[in-house]
Amino acid sequence: MRILFVGDVVGRTGRTAVSDHLPGMVKDWSLDLVIVNGENSAGGFGITESIYQELVDAGADAITLGNHAWNQKEALVFIDRAPRLIRPVNFPRHSPGRGSALIETKNGKRALVINAIGRVFMEPSNDPFSAVEREVEACPLREAADAIVVDFHGEATSEKQGMGFFCDGRVSLVVGTHTHVPTADHQVLPGGTAYISDAGMTGDYDSVIGMQKEEPLQRFLTGIPSGRFEPASGPATLSGVAVETDDATGLAVKIAPVRVGGRLAPAAPAFWLS
Ligand code: FE2
């Protein structure tokens, strides 16, 4: 199976990068499954129903969230009629929506997509490790799912590496999100799970993690907020990872970074370029 994970889409420029590049990638790379982190897609904070639809129309099979899941209040309601929208599984038990979804892929297979959120340098939440384990045990690889992807939304690379090794051999991909900066540690772990600490953001990299740099810089210099965070609006880099799995095992064979457009040096999966 060919899987593309697209890192945190930030604001309008991030959405434009998705609509400009994703349909071509789906076609050119014969993608079977596309997952997009959409928690910053509405002005940097949360997601609306029309943006959810826009991302689905561009080719996303599943859309994951994170700490900004509920910033747009309408998400609390429309998530229940948005079967491809997934919020962290370790949110409080009575949160609306779902923490995982079994998605039918473009080639008619079954993919379990799980979203979880970290606890290191993050707001309090339930234990992400036991929550992810519960989901995987309820829908194991090969028996009930042809692929399993875990989007682990966290600040600390240590916690994300821990999740990678915790899931190694049991899921196809553990991909870190939230820091908005791509890491260079993409690899297939010894047990066969593809892993990267952070997929990076799909946004304007002439910014502080996707936001116009003046206000964050001012806060670093003075410690005093003087305005709102506004998303940067220059051309975005679509940033993520491409993963190929073995259909017999559901485990990963290859992983490569993807970076298209904007300011970052381009990267594409050589193994899919013919
Ligand atoms: Fe986040």
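This tour of a predicted model proceeds from the iron site to the strands β1, β2 and β3.

Begin by selecting the iron ion together with Glu39, Asn67, His153 and His178. These residues are its protein donors, through OE, OD1, NE2 and ND1 respectively, at 2.0 to 2.3 Å from the ion. Display the angles at the metal next: the 4 donor atoms subtend 85 to 170°, which makes the arrangement irregular. For tetrahedral geometry, the ideal angle with four donors is 109.5 degrees. Along the chain, the spacing of the donor residues reads E-x27-N-x85-H-x24-H.

Then isolate the two histidines. His153 belongs to strand β7 (residues 147–153), whereas His178 sits in the loop between β8 (173–177) and β9 (187–188), so the pair ties together parts that are 25 residues apart in sequence. His153 is buried, with a relative accessible area of 0%, and His178 also counts as buried, at 13%.

Move to strand β2 (residues 33–37), where 5 of the 5 residues are buried. Leu33, Ile35 and Asn37 point one way, and Val34 and Val36 the other way. Such alternation between the two faces of the sheet is what a regular strand shows.

Add strand β1 (residues 2–6), which pairs with β2 in the parallel sense over 4 bridges; Ile3 stands opposite Leu33. Including helix α1 (residues 11–28) completes a right-handed β-α-β unit with β1 and β2.

Finally, select strand β3 (residues 62–64). β3 pairs with β2 in the parallel sense over 3 bridges, and its Thr64 stands opposite Asn37. The chain reaches β3 from β2 through helix α2 (residues 49–58), in a right-handed β-α-β crossover.

Notes
Residues are numbered from 1 along each chain as its sequence is written. This is a predicted model: local features need pLDDT of at least 70, side-chain atom pairs count only at pLDDT 80 or more; totals for chains, interfaces and linings use all residues. Side-chain values use heavy atoms; hydrogens and water are left out. Donors are N, O and S atoms within 2.8 Å of the metal (3.2 Å for Na, K and Ca); water is not among the atoms, so sites may look incomplete. Four donors count as tetrahedral if all angles lie between 85 and 135 degrees; four count as square planar and six as octahedral if opposite donors are over 155 degrees apart and all others between 65 and 115; anything else is irregular. Helices (H or I, at least four residues) and strands (E, at least two) are DSSP runs, numbered from the N terminus. Buried means under 20% relative accessible area, exposed over 50%, partly exposed in between (1.4 Å probe, protein chains only). Two strands pair if DSSP finds at least two bridges between them. A crossover is right-handed if, with the strands pointing away from the viewer, the path from the first strand over the helix to the second runs clockwise.
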